[in-house]
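Here is a short briefing on one structure. Keep the model open as you read, and find each residue as it comes up.

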Amino acid sequence: MAVVKAVTCPVCGCLCDDIELTIRNGKIVKVKNGCAMCESKFLSHKNEHRILKPLIRKNGEFVEVSLEEATRKAAEILTKANYPILYGWSSTSCEATRVGLELAEEIGGVIDNTAVVCHGPSILSIQDVGISSCTLGQIRHRADLVVYWGSNPWSAHPRHIERYTAFSEGRFQKSAWKGYLTKVKASAAKKKIESALRRVLFRKKAFVSPKPRKGPPPTLFKEGRKLIVVDVRKTRSAEISDCFLQVEPNKDYELLQALRALINEQEIDVDEVAGIPVEYLEEIADLMIGCNFGVLFFGVGLSMSKGKLRNVDAALSLVRDLNMRTKFVIMPMRGHFNVTGVDTVFTWQTGYPYAVDFSLGYPRYNPGETSVVDILLRGESDAALIVASDPVASFPKKVAEQLVKNPLIVIDPHMSATTRMADVVFPSAFVGIEASGTAYRMDHVPLPLKKVVNPPNGVLPDEEILKRILVEVKKLKEKRLVEAA
Amino acid sequence: MDIAIKDGKIVERVDELRARKIYASGMIVMPGGVDIHCHIAGSEVNTGRLLRPEDHFRDFERKTPKTRSGVGYSVPSTFTTGYRYARMGYTTIMNPSMPPLEAKHTHEELNDTPMVDKGTYPLLGDWWFVLEYLKKGEIEECARYVAWMITSTKGYAIKIVNPGGLEAWGSGGNVGSIDDQVPYFGITPREIVRGLCKVNKLLNLPHTIHVHTNNLGKPGNYLTALDTMKCVEDLASEDKPAIHITHCQFSAFKGSDWRTLKSGAEEIARYVNNHSHVTLDMGQVIFTDTTTMTADGPFQYTLHELSGNKWVNHDVETETSSGIVPFRYRRKSYVHAIQWSIGLELALLIKDPWKIFMTTDHPNAGPFIFYPRIMAWLMSRKAREAVLNRINRRARNRSLLPSIDRELGFYEIAIVTRAGQAKALGLKNKGHLGVGADADVAIYNVNPETIDPSRKYKTVRKAFRQAAYTVKGGETVAKNGEILKHVKGTTMWLDVQVSEPIKITEEMKRRFREYWTVEYENYPVTEKYLEVSHPITVKANV
Ligand code: SF4
Ligand SMILES: [Zn+2]
């Protein structure tokens with residue numbers, strides 16, 4: 001039995017690196033420090049629908065083949081294609097992505113990553129406005145005002161608040177944990193009273209407590225760190241916040257612009273914006289200006305709701321404006337554990353973060369044209385390689401249909417919706433569990449991913465599989481050159 | 001004269017019948033170029049790339065059977081960076097600003113920067129451990145931690161940027177002079193610079209402390225630059241340099257505001273001419289569109305306010321900050337034209353070419369691809385006049401350049417572009433062609449015997465733009481602008497050996513966890529991150 005310390009969790013963009021694993025007989029038997037998402041990933045990676053042998057579809061059926069045969073088949077498909085797409089990447093290592101980029105260049109294809117369906121608009125906005133940001137420790141040490149906008153860290157990034165923001169303990173800022181405990185107790189008490197009332201009143205319907213007050217809650221004026229949540233519905237994160245601003249659906253832009261106006265000392269001539277009274281907003285604006293160090297985290301609730309680009313533009317501009325008055329930073333809450341790393345590798349090799357088209361022999365970037373979803377919508381691609389991603393499940397139906405129409409190669413540890421539709425399947429090792437590598441946290445801090453147990457027999461890491469395909473592609477191309485001559 | 005090469009080194013002689021030969025008579029043969037300060041890799045550089053798609057659209061390089069594709073202009077992608085340096089005959093480049101927490105990123109990019117040997121300087125001037133140990137006066141303990149940091153991040157030198165100012169910027173502040181207190185830490189920039197200068201000496205590092213001064217980019221800051229040089233005067237020993245002031249142009253502003261801005265080059269040159277403990281590099285402005293990026297967060301914010309251009313800020317916990325702002329230097333702008341003049345004035349007024357090196361602080365004052373232009377300006381009065389005639393009139397009237405006749409010769413150019421830089425860096429096998437040197441050679445197709453660079457500066461400029469041959473480690477890697485071979489190049493780093501290394505106790509790990517948001521185990525850059533690792537062992541006196 002062995003205990004491995006300081007393991008990085010390959011699940012979400014928090015990339016917690018303090019996980020302790022106990023390993024017995026080549027299996028992970030205990031996970032310490034991780035959240036529920038982390039635990040289930042480490043404990044059940046063996047039991048998920050693993051593929052153990054390379055597969056090729058022959059006459060409509062999957063047939064187990066040797067790695068060499070699958071590699072040859074994949075290379076054939078890719079070299080034959082005129083406009084292949086290589087998609088996924090955000091759940092694999094930077095090292096694998098590096099090989100993927102070379103492969104894309106070699107075959108003159110388009111390489112794109114999942115940013116295109118989550119924070120792609122955020123990146124476009126950053127290219128327009130810039131971004132005032134920092135690493136997460138800076139927030140832990142200094143932030144006295146934490147705002148989550150359109151993101152629900154409690155559920156999607158479970159340890160974000162405890163490790164990096166409101167409940168973490170920094171050099172210049174203390175944890176707001178205690179206040180939270182009282183709040184939880186109070187809310188538990190409230191729930192008890194409510195259910196008691198329900199019983200007393202024999203109501204079948206849920207008891208509805210009186211409509212919440214629309215003004216700022218008293219917690220907003222407490223000492224120390226404050227946590228504000230802005231969202232369209234009351235999430236778990238909202239429940240533990242000091243102040244929850246419920247914005248009417250699709251009105252984020254209006255709300256952000258109103259805050260910008262207030263921060264820039266402009267008058268607002270209406271009584272309410274996005275369902276929130278202006279007096280209330282004035283308090284919030286004052287709080288933002290008055291803090292020593294504020295941070296705004298935004299999620300797909302902002303970047304993927306109506307007005308995408310405009311929303312993020314407004315948020316970035318709000319924070320930029322705030323810097324004239326105080327210190328303020330902003331950060332997108334990136335989902336997949338290495339989506340930040342993938343953007344990073346794309347950028348250093350090609351100058352562009354996603355949607356990179358090599359069909360002319362050099363990197364071209366024009367999201368909307370060179371992004372995979374758009375290419376599929378136009379029906380232009382004629383083959384695809386998918387790495388560590390399940391686009392058949394996540395893309396719109398029409399786009400997914402287009403994807404599976406052409407030859408499809410999939411590299412994935414398990415039998416996903418996309419794998420089921422593939423023509424060539426490579427089983428791969430789980431990076432961060434069965435293979436090592438590097439990933440970048442949502443704040444761009446690079447962290448090592450560890451190999452803690454062996455992958456199933458004969459199963460290789462993404463990086464290795466891609467290298468083999470690349471070698472095979474180069475061989476095929478050379479052969480063709482010789483034949484042509 | 002012949003130069004013999006064997007196994008990647010310059011040797012006494014080789015078997016002439018069997019050796020491959022390059023006929024270079026009538027050409028200039030120099031050691032490969034050395035760049036002491038260019039931002040080419042790591043988190044801020046990459047964010048600069050990300051921020052500027054418009055910068056790449058017009059300037060790209062196609063894939064060839066020998067090379068990878070990429071994009072260029074002010075922040076080129078990694079492969080393109082390597083190729084472009086190689087085409088100019090450069091073979092060694094130093095990336096000057098690496099946040100230790102993000103060191104893995106810098107090294108991953110250096111791995112993908114081909115054709116050149118490289119090194120990188122960790123930012124240590126605002127690291128909490130340094131501030132705390134210096135405050136307590138524990139220089140030796142501080143030195144042990146710095147040794148640990150340089151070795152763990154695979155760094156090459158101690159980089160200091162706006163000492164104290166970056167820590168203050170973490171909370172939105174700055175420091176205004178070398179005697180200001182850093183909030184909370186109760187230490188001054190003077191104490192930081194002096195402390196790290198002593199540490200540098202205790203550790204026997206090959207380069208000096210590499211300093212970006214306080215107040216950079218502010219009118220009147222030449223006084224701060226002078227104060228910074230003076231503050232380590234007594235720490236110098238036997239004529240050896242003790243401090244390198246980088247991109248000095250940005251720290252040589254006289255005047256009380258932008259309207260009254262004047263050059264402080266004369267004062268700085270006078271000081272440097274009379275002292276032997278300082279080296280500088282130029283940070284020469286090029287009139288073009290570029291991307292500024294430094295670890296100096298507050299400076300970048302000021303630049304954003306002045307220009308109204310898009311702005312990126314990225315503070316790094318416990319260590320440093322950084323900022324990025326696209327910027328265009330205009331000939332007709334008074335301030336920019338004065339800045340252009342200052343860089344050249346420094347290089348021409350400082351008499352000893354071993355004390356001032358040619359850089360643009362790439363890409364801050366301009367992209368490195370413009371080096372040949374600067375060489376022409378340094379070698380030809382006529383070349384300078386051609387620009388002077390076209391710059392802002394008020395700036396021209398105030399420029400010292402018309403009063404300077406000096407024109408550098410080819411030997412002096414070789415010093416300011418390679419020999420001097422290699423010497424300042426303590427790279428014994430670079431910057432010269434003596435026996436034992438690395439076989440990094442640049443051959444330029446221009447005849448030094450017959451050409452008059454003062455008049456024919458355009459011919460010289462053209463020759464420097466594209467080496468006839470670039471030889472790296474004994475192999476011809478580029479010829480007349482064509483890359484013949486994609487080679488990796490090494491990453492040089494210091495393995496600093498102290499007699500009593502710091503102990504990684506549970507207490508240390510706890511402190512680590514308190515200061516950073518990563519575990520101690522995951523912090524260092526292991527050697528496996530370096531594709532071609534070149535450790536240089538340094539025996540410290542502590
Ligand atoms: S918060 Fe994210 S990274 Fe951290 S343990 Fe949970 S799933 Fe893993
Ligand atoms: Zn610099």
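B:Pro363 lies in a loop of chain B, between strand 18 (356-357) and helix 13 (371-379). The peptide bond that leads into this proline from B:His362 is cis, with omega near -5°. Most peptide bonds are trans. Bear in mind that this is a predicted model.

**Backbone angles**

- Most residues other than glycine have a negative phi.
- A:Ala355 is not a glycine, yet it has a positive phi of about 50°.
- Look for A:Ala355 in the loop of chain A that runs between helix 14 (339-350) and strand 16 (356-357).
- A:Ala355 is buried, because its relative accessible area is 0% and the cut-off for buried is under 20%.
- B:Asn480 also has a positive phi, about 45°, and is not a glycine.
- The loop that holds B:Asn480 joins strand 21 (475-479) and strand 22 (482-483) of chain B.
- Is B:Asn480 buried or partly exposed? With 47% relative accessibility, B:Asn480 counts as partly exposed.

**Where the chains meet**

- How many residues of chain A are in contact with chain B? There are 62 on the chain A side, and they meet 57 residues of chain B.
- The size of an interface is often given as the accessible area lost when the parts come together.
- Here, chain A and chain B bury about 5000 Å² between them.
- Of that area, 51% is on carbon and sulfur atoms.
- On the chain A side, the residues that lose the most area to chain B are A:Arg171, A:Lys327 and A:Trp348.
- Together, these three account for 14% of what the chain A side buries.

**Around ligand 1**

- The space that ligand 1 takes up is the second largest cavity.
- Which residues surround ligand 1? Cysteines in the shell are A:Cys9, A:Cys12, A:Cys14, A:Cys16, A:Cys35 and A:Cys38.
- The shell also includes A:Val11, A:Leu15, A:Met37, A:Pro158 and A:Arg159.
- By class, the shell has 10 nonpolar residues, no polar ones and one charged residue.

**A buried helix in chain B**

- Helix 4 of chain B covers residues 103-111, and nine of its nine residues are buried, so the helix is largely enclosed by the rest of the structure.
- Charged side chains are on the buried list too, because Lys and Glu count as charged and the list includes B:Lys104, B:Glu108 and B:Glu109.
- Also buried in this helix are B:Ala103, B:His105, B:Thr106, B:His107, B:Leu110 and B:Asn111.

**Two buried residues and their contacts**

- B:Ile209 lies in strand 10 (residues 209-212) of chain B.
- B:Ile209 counts as buried, because its relative accessibility is 0%.
- Leaving out residues up to four places away in sequence, B:Ile209 touches B:Ile158, B:Ile160, B:Val193, B:Leu196, B:Cys197, B:Asn200, B:Ala242, B:Ile243 and B:His244.
- B:Leu101 is 108 residues from B:Ile209 along the chain, and their C-alpha atoms are separated by 20 Å.
- B:His336 is found in helix 12 (residues 334-349) of chain B.
- At 10% relative accessibility, B:His336 counts as buried.
- With residues up to four places away in sequence left out, B:His336 touches B:Val285, B:Phe287, B:Phe327, B:Arg328, B:Tyr329 and B:Arg330.
- The C-alpha atoms of B:His336 and B:Ala225 are separated by 19 Å, and the two residues are 111 apart along the chain.

How values were computed
Residues numbered from 1 in each chain as written. Chains lettered and ligands numbered in written order. Predicted model: local features only at pLDDT ≥ 70, side-chain atom pairs only at ≥ 80, totals over all residues. Heavy atoms only, no water. Near = heavy atom within 4 Å. 1 Å grid on protein atoms, 1.4 Å probe; cavity = no way out; pocket = protein on both sides within 12 Å on 5 of 7 lines; lining within 4 Å. Sits in = over half its atoms within 2 Å of the grid points. Helix = DSSP H or I, 4+ residues; strand = E, 2+ residues; numbered from the N terminus. Buried < 20%, exposed > 50% of the residue type's maximum accessible area, 1.4 Å probe, protein only. Contact = heavy atoms within 4.5 Å. Buried area = accessible area lost by both parts, 1.4 Å probe.
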